[in-house]
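Take a look at the sequence and the structure below. We will follow how some strands come together, then stop at one residue.

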Amino acid sequence: MQISPHKVVLIHYTLTNDEGDVLDSSSADEPLAYIHGMGNIISGLEDALTGRVVGDSFNVTIPPEEAYGLHDENLVQAVPRHAFEGVDEILPGMQFHAESNEGMQIVTVLEDEVVLDGNHPMAGMTLHFNVEVAGIRDATPEELEHGHVHGPGGHHH
């Protein structure tokens, strides 16, 4: 069976940046499970997986435009401290959830003045994946309706 739309795909992966630092990996856990063609993973990785079969191992480099996008300076803004009512300490690197026109997003504190960055933490980064296809199966009607995998490696209701 080949990876194609509406297949549940299980992959093991290691994600590194240009410097070779490991940013994420499934090696210590069960494989990542997603439904192909439903936008559950970044487009560059999904494209690289299309047509692959169980047992395939490969390396792929994903440019920012096919991952989390370019860094957008318009998403960096100063916010008054009183907007963080109930938060005792605000330090650079802290992350908060914020509601935006695009829905819920993560913002990162950049400076002591409370400058927030609404970009994804990996925006602007070229990502390097080492991937192994561990499993492929048809998605169930319920999984397709919900838009995510149920059971091992997926969402549990």
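Strand 6 (residues 95-100) and strand 7 (residues 103-111) pair in the antiparallel sense, over six bridges. Strands here are DSSP runs of E with at least two residues, numbered from the N terminus. Two strands count as paired if DSSP finds at least two bridges between them. One bridge links Gln 95 to Thr 108 in strand 7. Two residues lie between strand 6 and strand 7, and the two strands form a hairpin.

This is a predicted model, where local features need pLDDT of at least 70, side-chain atom pairs count only at pLDDT 80 or more, and totals for chains, interfaces and linings use all residues. Residues are numbered from 1 along each chain as its sequence is written, and side-chain values use heavy atoms, leaving out hydrogens and water.

Now widen the view. The hairpin belongs to an open sheet of four strands, in the order 5-8-7-6, with antiparallel pairing. Strand 5 (76-78) and strand 6 are the edge strands, and each pairs on one side only. On average, neighbouring strands of this sheet are turned by 40° against each other, direction ignored. The angles are taken between axes, which are lines fitted to C-alpha atoms, and run from 0 to 180 degrees between N-to-C directions.

Go to strand 5. Three bridges join strand 5 to strand 8 (residues 115-117), and the two run antiparallel. Val 76 stands opposite Asp 117 in strand 8.

Finally, find His 6, in the segment before strand 1 (7-16). Most residues other than glycine have a negative phi. His 6 is not a glycine, yet has a positive phi of about 70°.
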